[in-house]
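Good morning, colleagues. I should like to take a few minutes to walk through one structure with you, which I will now put on the screen.

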Amino acid sequence: MHAQDSSTGSLIAHTESPWRLFWQLLQRDRLAMAGLGILLALAVVALLGKATTEWLVIFDPTTVRLVDKFRAPLSEASALLPDADRPLTGVYLLGTDELGRDVFARMLQGSFVSMSIGFVAVGISIAVGVVLGGIAGYYGEVRIGPVTVDTLIMRFTDAMLCIPIFFLILVVVALLPASIYNIMIVIGLTRWMGISRFVRAEFLSLREQDFVLAARALGLPAYRIIFWHMMPNAMAPVLVTATIGVATAILTESALSFLGFGVQPPFATWGNILADGKNFIFDAPWLFFIPGFAIFVIVLAFNLLGEGMREALNPKLQRR
Amino acid sequence: MSTAALLEVRDLAKHFALRRGLLGRPSGWIKAVDGVSFHVREGETLALVGESGCGKTTTGRAVLRLIEPSSGSVTFDGQELLKLNAGDLQRMRRDIQIVFQDPYSSLNPRMTVGNIVGEALRVHGIARGAELNERVAHILERVGLSPDFRHRYAHEFSGGQRQRVGIARALAMAPRFIVCDEAVSALDVSIQAQVINLLKDLQDEYRLAYLFITHDLNVVRHIAQRVAVMYLGRIVETAGTDELFDNPRHPYTRALLAANPLPDPSSPRPRALRGDVPSPLTPPPGCAFHPRCAEALAHCDRQTPTWIQIARRHGVACHLHQNTSRQGDDEIPDG
Ligand SMILES: Nc1ncnc2c1ncn2[C@@H]1O[C@H](COP(=O)(O)OP(=O)(O)OP(=O)(O)O)[C@@H](O)[C@H]1O
Ligand code: SF4
Ligand SMILES: [Mg+2]
């Protein structure tokens, strides 16, 4: 802003929009961009995996080949196998497991399942967290009996935070069938607390912001103020939390599988491949290290991206 | 002019609860606004002045019910605003708008200028499609912005331009009354003058009434017909603008005027006001100004001064003027 600029004059130095600025800062962060690249590649792999193991079975994750148990990666399939059971090029890219199943095919199938568990679980926790945090932040002052809505919701959130989540999940999974959907829902319903706190805090400060007051002064209905004016300005930290949350959800599923409470066959997940593999860690180490490495990479990638986003959204950095 | 007041505020109070405990019991009250009365006539500007923290913003927002007042009455065009239900209030809001101080935080960063200005028209079903576009373009032109700006985001503009967008948003609903809360305080001096001229032009054209909140007395001279001086949640003096500047009666008003000479960079600012504003949490007893008052009388720290109408359009709350009173014929500060 220059003093001599008439306030009606032409556009002053064209400053960037918040999202473009965010993207530019993120692009400067090599590690975050590496994380993003890995995730995009893994997303493609997951989609291809779904397609080539279930719809058009090019890689068959379920065929049991007792003659080809514990084949190391890159070893050739036995000549005794019937043609129908042979892997695509006659080579087990990532070896076979204790039943002679193709680990490459199982990893492909698992990539989709693991990622969808991560995304669906985080989707559920975003939905719950945003709704509860939003209500607490916007309608917080409304009273139900002696307590405010805000107190009610936030004490419940605190209570949930006090429960050791992993044991809660174990209890629930022990009681319910460990289907992939139950796992998604359980992980999602136990990981919303951080998000609801973020959203509440953002809403409390947004409520007092002039542009929200202006919207109220214009007589706009509450839903419009909440969803058009406040929510888009509150979503940035939620996205950061969610990004890291996907990694946490994938890890949680792996840990559950490791303890035998995870997603059950026929679904392969990276977690249950790893869990099976741990029994043969000396005879067939690839059964353990391949899914382990895959989980490590995806969790690292989500965390790098999440941290990069957090940095890029930091207003102190943005102002540079 | 003796038309009935468009906006009539009586004994307005807003007490903020300080830190609620577990059972919601406040540990104290911040009396940000503590019994304020004034009125604004159609087409008139009343300036509300006072130091930082004296409750100007709270008053402005309580009038619009952006903050729920604790008590008092606000009548607009004969209707009691504080008793309206949500639906009626929303309808009433079209007549009463607000322009904010900060041209940056007052515009949604994720909306285009066209949406900011036209949103209410569309949501309330007043205009849509081509008609909406036309009206938005017209309003933008009226506040001195190019209609082409409506596809751009607010962050692309300078402070003065943004403030014009804020004014356009307020104008869109064709209001009759606008609260301008430090509407030019964040702008450079040269741009301040342009925006003030715009506000005056709009006032003439649409017979707008303004409650013009500011701490800058130089601005007051240019825009207001009447002034209300506020100290620690109460109005201590009201008068016509010229009368107030020529013949200030309350020691606080005099101190404010002394501390605020006509803009002249060469002269150092005299510090006529001693000490800081006391906390509205624990306002001094008697006259809240007495710890800082150079002319305080013996009983000023015990007795709260009542409102005294010393001339037809000049009122003051101060013990010094108890005797000059036309014997408090009217409790409402009248100007
Ligand atoms: N939401 C709130 N909760 C508690 N106290 C508040 C709240 N809003 C304002 N106050 C207090 O009320 C008093 C009056 O504040 P207000 O913003 O109305 O003053 P102001 O005259 O507009 O000051 P300024 O010139 O700084 O804008 C201040 O002491 C402030 O701290
Ligand atoms: S009432 Fe007393 S203390 Fe208050 S302004 Fe008047 S003279 Fe000063
Ligand atoms: Mg203020």
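**Strands, a ligand site and a contact between chains**

Let me begin with a single pair of residues: in chain B, Arg226(B) stands opposite Gly240(B), a residue of β10(B). Please bear in mind throughout that this is a predicted model.

That pair belongs to the ladder between strand β9, residues 226-231 of chain B, and strand β10, residues 234-240 of chain B; the two run antiparallel and are joined by six bridges. Both strands are part of a wider arrangement, an open sheet of eight strands in chain B, ordered β6-β7-β8-β3-β9-β10-β12-β11, with mixed pairing. At its edges are β6 (96-99) and β11 (308-311) of chain B, each of which pairs on one side only. On average, neighbouring strands in this sheet are turned by 20° against each other, with direction ignored.

Which helix packs on this sheet, touching β6 and β7? It is α5 of chain B, residues 159-172; the β7 that it touches covers residues 177-181. The direction of α5 makes about 175° with that of β6(B).

Chain B also contains a hairpin, formed by β4(B) and β5(B) with two residues between them. In its turn, Asp77(B) has a positive phi of about 55°. The strands themselves, β4 at residues 71-76 and β5 at residues 79-80 of chain B, pair in the antiparallel sense over two bridges. Within this pairing, Thr75(B) stands opposite Glu80(B) of β5(B).

I turn now to the ligand site. Where does ligand 2 sit? It occupies the largest cavity. The residues surrounding ligand 2 include four cysteines, Cys287(B), Cys293(B), Cys300(B) and Cys318(B), together with the histidines His250(B), His290(B) and His319(B). Pro251(B), Phe289(B), Glu295(B), Ala296(B) and Leu320(B) also belong to these surroundings. By class, the shell around ligand 2 comprises eight nonpolar residues, three polar and one charged.

Finally, let us consider chain A. Pro221(A) lies in the loop that links α8 (210-217) to α9 (222-258) of chain A. Leaving aside residues up to four places away in sequence, Pro221(A) touches Gln90(B) and Val123(B). Another proline of chain A, Pro73(A), is 148 residues from Pro221(A) along the chain, and the C-alpha atoms of the two are separated by 62 Å.

Thank you for your attention.

Terms used
Residues are numbered from 1 along each chain as its sequence is written. Chains are lettered from A and ligands numbered from 1 in the order in which they are written. This is a predicted model: local features need pLDDT of at least 70, side-chain atom pairs count only at pLDDT 80 or more; totals for chains, interfaces and linings use all residues. Side-chain values use heavy atoms; hydrogens and water are left out. Two strands pair if DSSP finds at least two bridges between them. Helices (H or I, at least four residues) and strands (E, at least two) are DSSP runs, numbered from the N terminus. Axes are lines fitted to C-alpha atoms, for helices over the stretch in contact, and angles run from 0 to 180 degrees between N-to-C directions. Contact means heavy atoms within 4.5 Å. A residue is near a molecule or strand if one of its heavy atoms lies within 4 Å of it. On a 1 Å grid over the protein atoms alone, a cavity is a set of points where a 1.4 Å probe fits but cannot get out, and a pocket is an open set with protein on both sides within 12 Å along at least five of seven lines; lining residues have an atom within 4 Å of a point. A molecule sits in a cavity or pocket if more than half of its atoms lie within 2 Å of its grid points. Ala, Val, Leu, Ile, Met, Phe, Trp, Tyr, Cys and Pro count as nonpolar, Asp, Glu, Lys and Arg as charged, and the others, Gly among them, as polar.
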